[in-house]
Amino acid sequence: MIRKLKYNEIDFEKYSQCLENSAQRKYSATKIFLDITTNKKWELLVYKDYEAVMPVPYVFKAGIKIVLNPMLCQQLGIFSKEDNVEINNHFLKFLEKKYLIKFYTFNEFNHFSSSLKCKKNFLIPVNNYEDVYSKYSPKRKRKLRLEKEIANHCEIKKISFIQAEAFIKDNFLGASKEKDIDLFISIFKKMFEEGCLSFSAFYLHNKIINIIAIYFDDITTALLGTFNDKNAVKFSGASMLIDHCIKENIQYKVFDFEGSQLPNVEEFFRGFRPELRPYQLIEYSKVDILKKIVSFKIF
């Protein structure tokens with residue numbers, strides 16, 4: 001019923017058709033996004049003749065293949081014309097039986113017979129900008145009303161990867177190791193070169209104080225990164241950049257905040273009054289993985 005296909009066995013035309021026509025369509029499951037973020041280290045679970053599909057990214061640890069969502073990839077899961085709990089259950093059972101899993105996320109539309117762990121995401125559906133802005137919190141609206149002195153000396157510009165790179169490295173929060181930052185930067189560079197990522201900068205007195213990285217396709221704009229000069233937070237450049245992006249795109253594209261589990265970031269996002277869209281996940285500890293290896297349940 002469900003087959004496991006290695007990367008070179010995937011019919012990418014059928015995969016793309018299934019994804020684009022699915023009830024759960026997510027940009028993060030597209031071939032271009034997965035190829036870049038995993039360096040083509042992903043496989044595919046297929047139900048019948050691509051009636052439902054489930055991409056499975058992996059890494060190698062000590063020569064052992066382990067399922068792990070790549071950096072910047074928030075949601076994957078099962079994609080089909082209609083979300084079907086029974087089929088989803090089969091995929092989940094197959095995944096847990098056939099793989100060693102560290103961390104795997106499903107998408108907001110996937111449902112199962114049993115409850116899984118959840119995380120939060122926030123997005124604004126397609127709408128006209130005036131309606132979206134009217135829902136912003138009073139605090140967010142105040143942040144967007146710049147003082148005259150600031151307004152007269154600031155501007156928003158699209159910039160190149162080269163222009164953004166140094167600022168991002170100097171103001172990167174959330175990555176514990178230098179090699180993690182380098183990997184993020186490498187992913188950003190590849191996406192920019194593929195024409196699916198843009199950088200917008202907020203300039204004050206001709207100096208960049210904020211940058212956002214936006215992934216985009218035909219129906220989605222997704223906030224993959226916000227980078228701020230910590231000495232200039234009071235000028236609300238990040239709010240200005242996000243609002244500007246929403247204003248330019250929300251009539252035609254969903255705006256996905258790529259939610260955060262950090263309370264201060266969540267509070268910042270909520271100021272734009274997005275919809276809460278939780279998604280489910282499975283996660284196993286190193287001890288769980290070792291026990292599974294020892295028990296010979298992987299085959």
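## A buried lysine

Which side chain of opposite charge is nearest to Lys253, and how far away is it? In this predicted model, the nearest one belongs to Asp218, 5.8 Å away. Lys253 is buried yet has no salt bridge. A salt bridge here needs a nitrogen of Lys or Arg within 4 Å of a carboxyl oxygen of Asp or Glu, so the distance of 5.8 Å to Asp218 does not qualify.

Where does this lysine sit? Lys253 is found in the loop that runs between helix α9 (237–249) and strand β13 (254–256). A polar atom of its side chain lies 2.8 Å from the backbone oxygen of Asp217. Leaving aside residues up to four places away in sequence, Lys253 touches Val126, Phe216, Asp217, Asp218, Ile219, Thr220 and Thr221.

## Charged pairs

Side chains of opposite charge can pair when their charged atoms come close. The structure has 15 salt bridges, and a few of them make good places to start looking. One joins Glu20 to Arg25, with N and O 3.1 Å apart. Is each partner buried or partly exposed? Glu20 counts as partly exposed because its relative accessibility is 42%, whereas Arg25, with a relative accessible area of 16%, is buried.

Another salt bridge connects Glu283 with Lys117, whose closest N and O atoms are 3.8 Å apart. This pair links distant parts of the chain: Glu283 belongs to strand β15 (residues 279–283) and Lys117 to strand β7 (residues 117–119), 166 residues apart. Glu283 has a relative accessibility of 38%, so Glu283 counts as partly exposed.

Salt bridges also appear in a network, which links Lys26, Glu108, Asp256, Glu275 and Arg277.

## Helix α7

Helix α7 (residues 161–170) holds both Glu165 and Lys169, which are 4 residues apart, about one turn of the helix. Their side chains form a salt bridge, with an N to O distance of 3.5 Å. Both residues count as partly exposed, Glu165 because its relative accessibility is 22% and Lys169 because its value is 40%.

The same helix is worth following to its neighbours. Helix α7 lies across strands β9, β10, β11 and β12 (220–228), and runs at about 115° to β11.

## The seven-stranded sheet

Those four strands belong to an open sheet of 7 strands, in the order β9-β10-β11-β12-β13-β8-β14, with mixed pairing. At its edges are β9 (154–159) and β14 (275–276), each of which pairs on one side only.

Strands of a sheet pair through backbone hydrogen bonds, either parallel or antiparallel. Within this sheet, β10 (residues 197–204) and β11 (residues 207–216) are antiparallel and share 8 bridges. To find one on the structure, look for Ala201, whose bridge partner in β11 is Ile211.

## An enclosed strand

How many of the 5 residues of strand β6 (residues 101–105) are buried? The count is 4, so β6 is largely enclosed by the rest of the structure.

Strand β6 has links to two other strands. It runs parallel to β4 (residues 64–68), joined by 2 bridges, and antiparallel to β15, joined by 3 bridges. Phe103 takes part in both pairings: Phe103 is the bridge partner of Leu68, and Phe103 also stands opposite Glu283 in β15. Glu283 is the residue already met above, in the salt bridge with Lys117.

How values were computed
Residues numbered from 1 in each chain as written. Predicted model: local features only at pLDDT ≥ 70, side-chain atom pairs only at ≥ 80, totals over all residues. Heavy atoms only, no water. Buried < 20%, exposed > 50% of the residue type's maximum accessible area, 1.4 Å probe, protein only. Lys, Arg positive; Asp, Glu negative; His and termini not counted. Polar contact = N/O pair within 3.5 Å; in protein donor to acceptor, adjacent residues only side chain to side chain. Contact = heavy atoms within 4.5 Å. Pairing = 2+ DSSP bridges. Axes fitted to C-alpha atoms, helices over the stretch in contact; angles between N-to-C directions.
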